[in-house]
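Let's walk through a fold together, one feature at a time. Keep the viewer open as we go.

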Number of protein chains: 2
Amino acid sequence: MDGYMGKILCVDLTAGELRNEPVNEEYVRDYVGGSGLAVRYLWDLVGPDTDPLGPDNPLLFFTGPLTGTGGPSVGRFTVCARSPRTGLWGESNCGGFWGPELRFAGYDGLLITGQASKPVYLWVQDGRVELRDASHLWGQTDTYATQTAIREELGQPRAQVMAIGSAGERMIPLANIITGHGRAAGRTGMGAVMGSKNLKAITVRGTGKLPLADPERYRELRRRINRELKEHPRSIGQRMAGSAAGAEFFDMFGSLTARYFTRGQFPAVGQVSGAAMAETILTGISACHGCVIACGRRVAVTEGPYAGSEIDGPEYETICGFGPQLLIDDLAAITHLGHLCDCCGLDTISTSGTIAFAFYLFDQGIVGPQDTGGLKLAWGDAEAAARLIELLVQQDGFGALLAQGSLALGRYFGVEELAVQVNGQEVAYHDPRAFSSMALVYATSPRGACHNQSDYYMVEFGQTDDELGIPLLDKRQEEGKAAHVAVHQDWRSVCNSLVLCIFAAVPVSDVVALFNAATGREWDIAETLRAGRRIWNLKRAFNCRLGLTRANERLPRLLLQPLADGPTEGYVPDLDVMLREYYAVRGWDPETGKPTRETLAGLGLGFAAGEFT
Amino acid sequence: MDGYMGKILCVDLTAGELRNEPVNEEYVRDYVGGSGLAVRYLWDLVGPDTDPLGPDNPLLFFTGPLTGTGGPSVGRFTVCARSPRTGLWGESNCGGFWGPELRFAGYDGLLITGQASKPVYLWVQDGRVELRDASHLWGQTDTYATQTAIREELGQPRAQVMAIGSAGERMIPLANIITGHGRAAGRTGMGAVMGSKNLKAITVRGTGKLPLADPERYRELRRRINRELKEHPRSIGQRMAGSAAGAEFFDMFGSLTARYFTRGQFPAVGQVSGAAMAETILTGISACHGCVIACGRRVAVTEGPYAGSEIDGPEYETICGFGPQLLIDDLAAITHLGHLCDCCGLDTISTSGTIAFAFYLFDQGIVGPQDTGGLKLAWGDAEAAARLIELLVQQDGFGALLAQGSLALGRYFGVEELAVQVNGQEVAYHDPRAFSSMALVYATSPRGACHNQSDYYMVEFGQTDDELGIPLLDKRQEEGKAAHVAVHQDWRSVCNSLVLCIFAAVPVSDVVALFNAATGREWDIAETLRAGRRIWNLKRAFNCRLGLTRANERLPRLLLQPLADGPTEGYVPDLDVMLREYYAVRGWDPETGKPTRETLAGLGLGFAAGEFT
């Protein structure tokens, strides 16, 4: 057995009961940790009748075997539940210091069920646990002020707080959970699930040590790998220019999206990129626990309408969503819009996607001033975008429509097919017309359109991987790509279980070596990938049981319209070709997309087979 | 013996004699090819009395054992002579298709001596050689038109032409030699040496095959290494954005220089970078022989005062020299200035450095309208810069001063110490206040301030090398860096002998494997580096014999003034600390900087020891 994952705290908010439970050893053995472990737990706890915003939807926080060990960019943890956005598998992982602190406090995970009768927050300190009243915070404090207020009232300046904002309190499906310096568990509406439980925050503080099977070997590996990671050109770029370091390059490929996915390039990208930020408003950088990359941005706008004090700066997705997608080329305005979202706890991808969709519908004449309460939505108008965020959080008039996301907005106006989303979640800003793989990635992600279950756009950009056997194929190639995408998804499933940041350019063999040194296993790359495949397939089975079918796997119409110019001119990926190959590679039924009994049995998932076939 | 380097063509222009000579086998054994082989040849042929612009200065064109083999970015060759700029070792290497074509025509090198009585060009076709009249071209055709005219009059559309422009004809020391799509043997004034010989061009055409010791092994290596190189992120960046791909990043480090080295950042870098070019005026890309990177740019400006047809686009150094250094933020204007230089055959680094120095002196009130013929030199004025290029080529009035370069210009106005040059050659645009190593690199380069004899700024930027044992040290660290710089110089000496482009991100062991497969040797990395060290030391001995002393090795005053803001704020490198270590590492006398007898003897350079000590 592995001793590395010890115990979880089970919290029944309805009953106000807190109890410790050892982590299921068998589950750890096969599902590693993080979102892998979470899907195995949730398989037992969630069914078609589970209401995502009801008390029976369990909210799981899981760290992984590497979380908090000081290894390369492994300060992360994952939050999982049935998603109120997709109705399917919900998962979001997050950096900062909260995950490590939870482990230092003696817990590897939290399983939260029920619903508190009044707002509460959870306080975990070195094995002591407590539910505390949060009525004075509910509706009163944004995600930053909540962190400060809780630290102050506990007299615990070093406690780590994970909190929802007003969006989560109001169970807006776009809501995220925020910790530390603007770190977010952003996607699939985990903030709304937390809000539905009347849980404002989870605060942790610990001083314990983490178990490592071979501490000496681990330290030795960690030292070398962190040094190499620190010196890696990609890390240096991200340290200098943040996650938007590649913005100019993505734009050159036509992968950076603009004007709600209808333009292939954004000529002003040089004014809003990570480099532009570094040269204008950047005041400092920040890192998650133990991370040598330090991609976090601190910025201050000193003049103009958005002047203010130092705040967290925007990530690539936030920049693209509130910049090029709205034709806004003012970095100060973009920063302001991103900060508004962080304060009230809104996922910036989903929120900007929904708002850009509203602008697009306005441009097309489908939405008019009579719908928006008189507000004109003209491309490039940052003030109008800011107003929409406010209306959205208040669920006021047009804002109540926006609060349900793009798909609901499109349905309301009878143009559901124009919403750029997959399974209810907005598409991230990596255009599949630039990199054909992303069509398959978005279609088959277990959590709706997602760029993190496989960031294959980085492979197409040049980050191939010999150890995974992933070569550089033509960016428009369709045949022969699915097998590589599948391997990449398997690998990312492992990363999301350890929990390793996908920004960390660490060789696969080094990650496996760290895992072995931490856990005492002797896995090789093949065995590790097999665990990833097991996890991927169980998420698939989870979704199939909840009703996912082949028909869910399609791209929105706007992404299937070729652009008239720019690098992607005239091209749209043929998803059917890739999907056919993909099902074959995955061992999924070609008609239904369901994993076959043989596939499941071969991965030790026989228990799942009877549930949905 | 190595059979890979066969014969050279010896051309005595005074006598009009042409004869073949086998390459000296002993020299090949120890000096590989390219500039390594050239320094061994020139050691025998050049002494303190050799006039750089006199008939007795031999002009050597050498390919290397990999030139033209289709290996990774190995389409290059080198041009060497005593430099009219520095009075010391002259060397410039160049891409395009000329070097491979020379080998296909049966020659591995050209040794050109004497002076023709009237303008001529050399025509080499599959072993047949001929000197032809060039009177109709001299003073008539720019470097592009010369290529076209010669191809047409020979009826040889596929012939490769290496030509000087009006700058070379006039023996302006800033003159380069141009071939193909704007490829230049740019530095140390090799174009002036060629002009002094009344040699307008060298045209080559061949259909022969190159000897490879183990063709099958070579092809196998080549296939894999080219594939990996093509997929390397650095290659992809350069393919997309050219050599200016890193401009924004260099600016963030404060390594990109601005306003004649007096400003640490250029906020408009996003308007003039490689990414900006790709998004505005780029119309196509171009590659040297067999190169999978394809960093060459084709551009067309379609509106405004610089609108015109498609031309070759500017490199990083050209952009920096005519952009930030002059506070010009108009990419069309920068492109125009670079193109003016290419047409008349002027090195863009030296020319832009000299012109920016004139602007600086004007700004300081040291030069006034009375000196410039009434021309005002205001920062950012591209028209004034264009006018200076014209005056320079015509050696007209103020232009005659400019034509001799920065050092002469400074001397004329009594401010020699303000010229940013080392040993008479202008400093390239990688500020040593950003990367301390560059102070040592500029000071110790055998050809005056040079960023290619070691591009150590790329190491400081993050491109470390495990195989060479080169780690990432703090960019301001001074102690403990010299040994790594020396190894890097040794390695680049090998690259410049093969001749491998320094843009090619190919692992050292792969380069050595290619070299062995091409030549039948069995060298390891250590033996290969030893050859590089031998070459480096012979260039040093060459320079010592010509009068180089410890006093030559210093940085210009402006680079020793800390900047008041930006990333390099307050820092200047301590060259003395690094130089002291460097001499010790090199085995050079700490007082004089001359290689000791022991050092020379240990490298098989005993023959050189008596000549200058």
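**Reading the sheet and one threonine**

Q: How many bridges join strand 4 of chain A to strand 5, and do the two run parallel or antiparallel?

A: This is a predicted model, so treat what follows as a reading of a prediction. Strands count as paired if there are at least two bridges between them. Here strand 4 (residues 77–82) and strand 5 of chain A are joined by six bridges, and they run antiparallel. For one of the partnerships, look at A:Thr78: its bridge partner in strand 5 of chain A is A:Asn93.

Q: In what order do the strands of the sheet come?

A: Go across the sheet, not along the chain. In chain A the order is 2-1-6-3-4-5, six strands in an open sheet with mixed pairing. Strand 2 (17–22) and strand 5 (89–94) of chain A each have a single partner strand, so they stand at the edges with one side lacking a neighbour in the sheet. From one strand to the next, the twist averages 15 degrees.

Q: Now a single residue: is A:Thr146 buried or exposed?

A: Buried means under 20% relative accessible area. A:Thr146 has 0%, so it is buried. You'll find this residue in helix 4 (residues 143–154) of chain A.

Q: Which residues is A:Thr146 in contact with, leaving aside neighbours within four places in sequence?

A: That list has A:Leu137, A:Thr141, A:Ala163, A:Lys200 and A:Ala201.

Q: And what does the side chain of A:Thr146 reach?

A: The backbone oxygen of A:Asp142, at 2.6 Å.

Note on methods
Residues numbered from 1 in each chain as written. Chains lettered and ligands numbered in written order. Predicted model: local features only at pLDDT ≥ 70, side-chain atom pairs only at ≥ 80, totals over all residues. Heavy atoms only, no water. Helix = DSSP H or I, 4+ residues; strand = E, 2+ residues; numbered from the N terminus. Axes fitted to C-alpha atoms, helices over the stretch in contact; angles between N-to-C directions. Buried < 20%, exposed > 50% of the residue type's maximum accessible area, 1.4 Å probe, protein only. Contact = heavy atoms within 4.5 Å. Polar contact = N/O pair within 3.5 Å; in protein donor to acceptor, adjacent residues only side chain to side chain.
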